[in-house]
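Trainee: I would like to work through this structure slowly, one question at a time. Could you take me through the reasoning behind each answer?

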Amino acid sequence: MSGNKIGPLQDEQRCLVEEGLLIANMLNDYFSSVFVNEDLNDIPIPNRLCDESETDFLSTINISESSVLNKLNGLKVGKSQGPDQIHGKLLFELRLQLLKPLTHLFNLSLKTGVIPQDWRDADVVPLFKKGSKRKCENYRPISLTSIVCKLLESIVKDEIVKYLDQCNLIKDSQHGFTSGKSCLTNLLDFFETITKDLDEVGSVDLIYLDFAKAFNKVPHKRLLNKVEAHGIIGNVSHWIDKWLSDRRQRVVIEGNYSGWCNISSGVP
């Protein structure tokens with residue numbers, strides 16, 4: 001569709017670039033420029049948020065066939081596949097035949113910490129936001145990753161959230177990515193606090209912060225320290241570490257593939 005056309009882009013010399021492969025590489029260079037290399041010399045150690053008893057730790061996850069089948073049944077077959085080229089439609093139609101091998105594969109990955117490179121690669125599709133189509137910064141990267149791995153990620157996420165809920169480790173002030181809460185509930189709490197303070201004190205000072213490319217700049221070692229501070233240890237912590245390591249991405253535009261670039265930070 002003409003509305004989805006990417007470019008032409010303007011390079012550093014203000015020359016227009018129209019060739020698909022060159023555009024893909026330009027966008028990949030820009031998207032990867034936001035990643036950061038973490039300084040490992042002075043990493044703070046967060047306070048442990050769970051009790052010392054073994055029951056308050058999440059160290060292993062045993063995946064059942066029923067949980068895998070539930071994810072397979074809920075697949076949105078229209079979603080694009082990742083670099084492994086395994087489409088959701090195929091997984092959905094063969095879900096009963098793939099149930100046992102996928103369950104075994106997922107449990108083996110969690111036990112050993114081995115994650116195939118295909119599961120850590122992403123094909124990035126640029127999505128135009130607004131402004132001039134000639135500027136790389138006006139495109140948002142949409143990462144297409146392995147659907148098979150996303151099934152496993154979803155199961156791991158569900159188990160982690162269940163553990164955090166059971167141990168009361170999610171604060172009431174957390175609204176994002178929390179079941180039953182949203183931007184709307186966050187705004188309602190905010191306005192309730194502000195109106196109460198205005199009634200009691202008479203004035204309120206607000207400071208707004210905006211972290212540019214925040215999700216892309218999350219440092220992995222600091223993230224893992226916080227994960228373990230919440231009692232997520234053992235095989236689960238090791239798997240998350242390996243899942244974040246050695247990730248790569250490339251930009252895909254109309255059949256043109258940029259070179260691979262390493263992802264050194266951020267939350268996939």
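Trainee: Which helices do the buried residues of H2 pack against?

Mentor: Keep in mind that this is a predicted model, and begin with the residues themselves. In helix H2, which spans residues 65–73, the buried ones are Val-68, Lys-71 and Leu-72. They cover an arc of only 100° around the axis, which puts them on the same side of H2, while Ser-66 and Asn-70 are exposed on the other side. The partners that the buried residues pack against are helix H3 (88–93), helix H4 (95–112) and helix H5 (147–166).

Trainee: Which element gives the largest share of the largest nonpolar core?

Mentor: The largest nonpolar core has 33 residues, and Val-68, Phe-106 and Trp-239 are among those with the most contacts inside it. Two or more residues are given to this core by each of H2, H4, H5, H7 and helix H8 (234–244). The largest share, ten residues, comes from H5.

Trainee: Which residue of helix H5 meets Lys-71 in a salt bridge?

Mentor: In general, side chains of opposite charge can pair when their charged atoms come close. The side chain of Lys-71 is in a salt bridge with an N to O distance of 2.7 Å, and this pair links distant parts of the chain, helix H2 and helix H5, 87 residues apart. The partner is partly exposed, because its relative accessible area is 31%, and its name is Asp-158.

Trainee: How many residues apart in sequence are the parts that Arg-222 and Glu-38 tie together?

Mentor: The side chains of these two residues meet in a salt bridge, at 2.8 Å from N to O. Arg-222 lies in helix H7, whereas Glu-38 lies in the loop between helix H1 (20–32) and H2, so the number of residues separating the parts they tie together is 184.

Trainee: Is Asp-123 buried or exposed?

Mentor: Asp-123, in strand S3, pairs with Arg-250, in strand S5, and the closest N and O atoms of this salt bridge are 2.6 Å apart. Residues under 20% relative accessible area count as buried. Because the relative accessible area of Asp-123 is 5%, the answer is buried.

Trainee: What is the accessible area of the nonpolar surface patch that includes Tyr-208?

Mentor: Tyr-208 lies in the loop between helix H6 (183–200) and helix H7 (220–229), and it counts as exposed because its relative accessibility is 69%. Tyr-208 forms the patch with Leu-187, Phe-190, Phe-191 and Leu-206, and the accessible area of these residues together is about 540 Å².

How values were computed:
Residues numbered from 1 in each chain as written. Predicted model: local features only at pLDDT ≥ 70, side-chain atom pairs only at ≥ 80, totals over all residues. Heavy atoms only, no water. Patch = residues over 30% accessible without salt bridge, like charges linked within 9 Å, V, L, I, M, F, W, Y side chains within 5 Å. Areas by Shrake-Rupley, 256 points an atom, 1.4 Å probe, with all protein chains shown as cover. Salt bridge = Lys/Arg side-chain N within 4 Å of Asp/Glu carboxyl O. Helix = DSSP H or I, 4+ residues; strand = E, 2+ residues; numbered from the N terminus. Buried < 20%, exposed > 50% of the residue type's maximum accessible area, 1.4 Å probe, protein only. Arc of directions from axis to C-beta. Contact = heavy atoms within 4.5 Å. Core = buried A, V, L, I, M, F, W, Y, C linked by side-chain atoms within 4.5 Å.
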